[in-house]
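The following points are offered as a colleague's note on side-chain contacts and surface features. They are numbered for ease of reply.

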Amino acid sequence: MVDFLAENNLCGQAILRVVSRGNAIIAELLRLSEFIPAVFRLRDKSDQQKYGDIICDFSYFKGQEYYESKLEAKPELQDLDEEFRENNIEILSRFYLAFESVHKYIVDLIRYLDDLNEGVYIQQTLETVLLNEDGKQLLCEALYLYGVMLLVIDQKIEGEARERMLVSYYRYSAARSSGDSNLDDICKLLRSTGYSNQPGARRPPNYPESYFQRVPINPTFLSMVIGRLRSDDIYNQVSAYPLPEHRSTALTTQAAMLYVCLFFTPSILQSQQAKMREIVDKYFPDNWVISIYMGITVNLVEAWEPYKAAKTALNYTLDSANIREQACRYAASVESLRPRVQQLLKEGVLREEMVLDNIPKLLNCLRDCNVTIRWLMLHTADSVYDSNNKRLRQMKDQAIADSKYNPKILFQLLLDTAQFEFILKEMFKQMLTEKQLKWESYRNEGSERMMELAEVFSGVKPLTRVEKNENLQAWFREISKQIESLNYEDSTAAGRKTVQLIQALVEVQEFHQLESNLQVCQFLADTRKFLHQMIRTINIKEEVLITMQIVGDLSYAWQLIDSFTSIMQESIRVNPSMVTKLRATFLKLASALDLPLMRINQANSPDLLSVSQFYSGELVAYVRKVLQIIPESMFTSLARIVKLQIHDIMEVPTRLDKDKLKDYAQLGARYEVAKLTHAISIFTEGILMMKTTLVGIIKVDPKQLLEDGIRKELVKRVAFSLHKGLIFNPKAKIQDWQSMYQSTHIPIPKFPPVDESATFIGRLCREILRITDPKVTCYINQMNTWYDMRTHQEVTNHRLFSEIQNTLGTFGLNGLDRLLCFMIVKELQMFLTVLQKSILKDKVMVDVFKTFLNAVNPVKGIVASASKVYANAVAKTQKIWPTYLESITKVGQMQILRLQIANELSYSCKFDSKHLAAALENLNKSLLADIEAHYQDPSLPYPKEDNTLLFEIGAYLEAAGIHDPLNKIYITTKRLPYFPIVNFIFLIAQLPKLQYTKSQGMTCRRATDPVDWVPLVLGLLTLLKQFHSRYAEQFLALIGQFIRSVMEQCTSQKIPDMPPDVVGALMFLEDYVRYSKLPRKVRFT
């Protein structure tokens, strides 16, 4: 019969692929559960107020039109909804695909069962598959994994958040318009169950059986799977645990599967007393806490509380006397096992001969250790007992008291067991590798010894007092041939024959009185020794390694191990060399990866890499968490050294009186510094002793761990200092997982916000914007200085940016520049939204602009009654300019700051890295020349869309200050009617508020009505730069027409002086051309 898992067995491959996908789906659900956007939980009042109208649960489907009309009625809600969609559509799609795959999984399993019943797979039925060992395992696993998926979803992704994410995905994606979408089925399967994992939360009625029955499954299949799990040892685990008291541990994987599968047929739990009694007697006679999948633990007392039959069956296990008996048994085990394992771990005890002679004893010791650790770790963990349940509290207290539970002693036993297991495994792997070579070398040595003895008895070879004996000579030659003929491949026959040869050598020594000759005796003894070694070597079997792998399973502690983190860290802090023992523990924990990966590997699934990376990454993250105590301790010691050197140890002067030498010696403080320095070196040695280790599929390099740990601690301390230091007292959102700067290994810490800024750099930026606010300060370009409008005192100047660079470095200053850049984008977007939705939709305003446009056409001409036309337009639009002015000057203010930062970065780059600056400038000029050449001749090369050269060089140029913020395109725009007209009227409305002086240029006329000239010019320049160049040309043409028309009127009225507004308009043209680097002839065209 064809092997069930053979590639040409379609029946076996189909169910194997289903089970493989099930393990991959669970890994994806666990991965995503760490990235649920907090906003979907709506726990904060601020989130509820802001997003309450755009995030809905399944009630949305009952009143879809009502919700959408509510959104359409408020433009600000539409904007928020669009922003929310952009920020979250990627993660929502990922969650939806995971939810969809759960539904697809159960649909595929049901289809497979239907195919079996309909005879699609020739000669295969449900019964025949369940008779096959692999088939039985896979069918049981398929149902079990579906149950685990449902439990993981409910535990890790709350029901309300789930519903909100599904509704948001439905609203934002194309799924609603797709005909083949199964969104309805997914929503039915994953709607909220009412379950909450919060402590003290009540369990919903009929949970989880009603949840498990949302997709009906063939009852015959359920019955047969549960029957197999009840009666069979489907994984043949009992052979690895021969002792009867270990049977429940041997069947622990099956017990977890049975626990999950029973929820599909709750009638067994509820009313079938005999079956439940059988299940409890077989699987739970001495345990009531189980791990169902990768460390997800369940307390049966709580889980089976609502079910009458299950609760009754469990009563004997939960009897106080039984708990005491089990706890006392494991307490005695700990006391006896600790000294035994420590004795075995002593240097020189675990030698090859000793291991080969004592394989059964060593395996028994391993079994006892692992069984004891499992029971104590599961039954004393805080997380598996609800603190609000009195009965559970009493059980936990009794288990802890009767087992004399001490977490430090248990942890020490775990460490020693892991180390013992690791050494034993490595020895066996080595012995298995060398098994044939060693066996053959022993055989050759034995054969040669016999040939030498044959020659001795031939009388030819001289040996003291040995007479010639042809019989013995022939006999030893025959023995030599017999030894030589032993065949490694036929180990059973070779072993039997070897025993007979040993017996023959003993007998020949006795019957032929060879004891009198010591040299002959020595030859015989050596040969017997080699034959014994051959027997030992032939008995080295791979089954021993497999048994050790089964017995050493630590998957149940995947989450519980975290409760020992503080003990691990404390032991490392006291003794850094403890890291070597911890390495063995981490490797033991890595064996848990075999559980989810085995089927994925068998199916040759492409999911193998991603699932391996997820679980390996989780474990490596835990290793980093544990070992982070080393950098923390190092920095604590460094802080004490710094304190001693700054505050306690006096600086020794160049000349010193002899009688003061003792005062300056300060031996106590210097000894303390030396001691702390030595402690730091010991810590670094400790982590480097760990050796490069493969954890799952990720290679952990201790040097890299140490470096990352130091960087993480450094980032934490610097960020904390800046967070605390940069707090001022004045009167588009990126998720962590999307940020290129955020790292899981060296995370930028988050602190509670003290104002609207998320970080210290935001606070610094807003403080600079506050002190240079155009409403209260005036920027004088010639001085690069801001002055207070009222007192005329200097507020700050360009040296501020030198100070920031000295403090935060080039990256800090560049970060400030990038933040300003994003703030300009946001300000421009808000400004254009107001312009489009308020000003250009106001019919009165549009009529004013239309009338004005008719009055000034053609632009190259002169406006009749100029002062009246312009004054009339300004008067009718007066109410819209305050907010317009605020936005324009804000953008201009930020552009001044960006110019100052670019200047500082450029200066420092040319000063500190002249070769880099020169290389960047030349590369920039070359690229621009090539791009210009391409536009003149399209056949010449140009960087393609997927070429990141321009993007990357742009980042370098900005960091080196080699860019012009005023020429930057910040946002994409559409055509807007009357746009040049609106900006022109806005400008002439501001000119009366300004005055011209030769020494200072354009300044504010009155401090009570402030307008800062440079931000005004730069703000308008930046705004016009975002649109087609013809808008700027029309705007400048309108200013030219204004100057000509007003001057024409003055000439006709014989007014000798140039009006101040004309002076202001001329100054605007002058400054606009200078800042935008346009040719001067623009002013005269």
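1. A network of salt bridges joins R21, K104, D108 and R111. The model is a predicted one, and every point in this note should be read on that basis. Over the structure as a whole, 46 salt bridges are found.

2. Within helix α14, which spans residues 273-283, R277 and D281 stand four residues apart and are therefore separated by about one helical turn. The two side chains form a salt bridge in which the closest N and O atoms are 3.1 Å apart. R277 has a relative accessible area of 32% and is partly exposed. D281, at 37% relative accessibility, is likewise classed as partly exposed.

3. Helix α21 (residues 407-456) contains both E426 and K429, at a spacing of three residues, or about one turn of the helix. Here too a salt bridge is formed, with 3.9 Å between the closest N and O atoms of E426 and K429. The salt-bridge cut-off is 4 Å, and the pair should be read with that limit in mind. As to exposure, E426 has 38% relative accessibility and counts as partly exposed; K429 has 42% and also counts as partly exposed.

4. Which residue forms a salt bridge with D964? The partner is K1077, and the closest N and O atoms are 3.4 Å apart. This pair links distant parts of the chain, the two residues being 113 residues apart. D964 belongs to the loop between α40 (949-959) and α41 (979-990), whereas K1077 belongs to the segment after α44 (1060-1076). K1077 counts as exposed because its relative accessibility is 62%, the threshold for that class being over 50%.

5. Turning to aromatic contacts, a search of the whole structure yields 50 aromatic pairs. In one of them, Y66 and Y67, the ring centres are 5.6 Å apart and the planes meet at 65 degrees, so the arrangement is edge-to-face. Y66 has 52% relative accessibility and is therefore counted as exposed.

6. F212 and F263 make an edge-to-face aromatic pair, with 5.9 Å from centre to centre and 65 degrees between the planes. Because F212 is in helix α9 (residues 209-212) and F263 is in the loop between α12 (252-261) and α13 (266-271), the contact ties together parts that are 51 residues apart in sequence. Are these two residues, F212 and F263, buried or exposed? Both F212 and F263 are buried.

7. F212 and F263 also belong to one aromatic cluster. Its other members are Y146, Y195, Y207, Y211, Y259, F264, Y283, F284, W304 and Y307.

8. Two arginine side chains deserve a separate entry. R329 lies over the face of Y330, at 4.7 Å from the ring centre. R1074 is placed over the face of Y1075, again at 4.7 Å from the ring centre.

9. Finally, the surface carries a nonpolar patch formed by Y935, Y942 and L950, whose accessible area together is about 320 Å². Of its members, Y935 is located in helix α39, residues 914-936. With a relative accessibility of 61%, Y935 is counted as exposed.

Conventions:
Residues numbered from 1 in each chain as written. Predicted model: local features only at pLDDT ≥ 70, side-chain atom pairs only at ≥ 80, totals over all residues. Heavy atoms only, no water. Patch = residues over 30% accessible without salt bridge, like charges linked within 9 Å, V, L, I, M, F, W, Y side chains within 5 Å. Areas by Shrake-Rupley, 256 points an atom, 1.4 Å probe, with all protein chains shown as cover. Buried < 20%, exposed > 50% of the residue type's maximum accessible area, 1.4 Å probe, protein only. Phe/Tyr/Trp six-rings, centres within 6.5 Å; stacked < 30°, edge-to-face > 60°. Lys NZ or Arg CZ within 6 Å of the ring centre and 35° of its normal.
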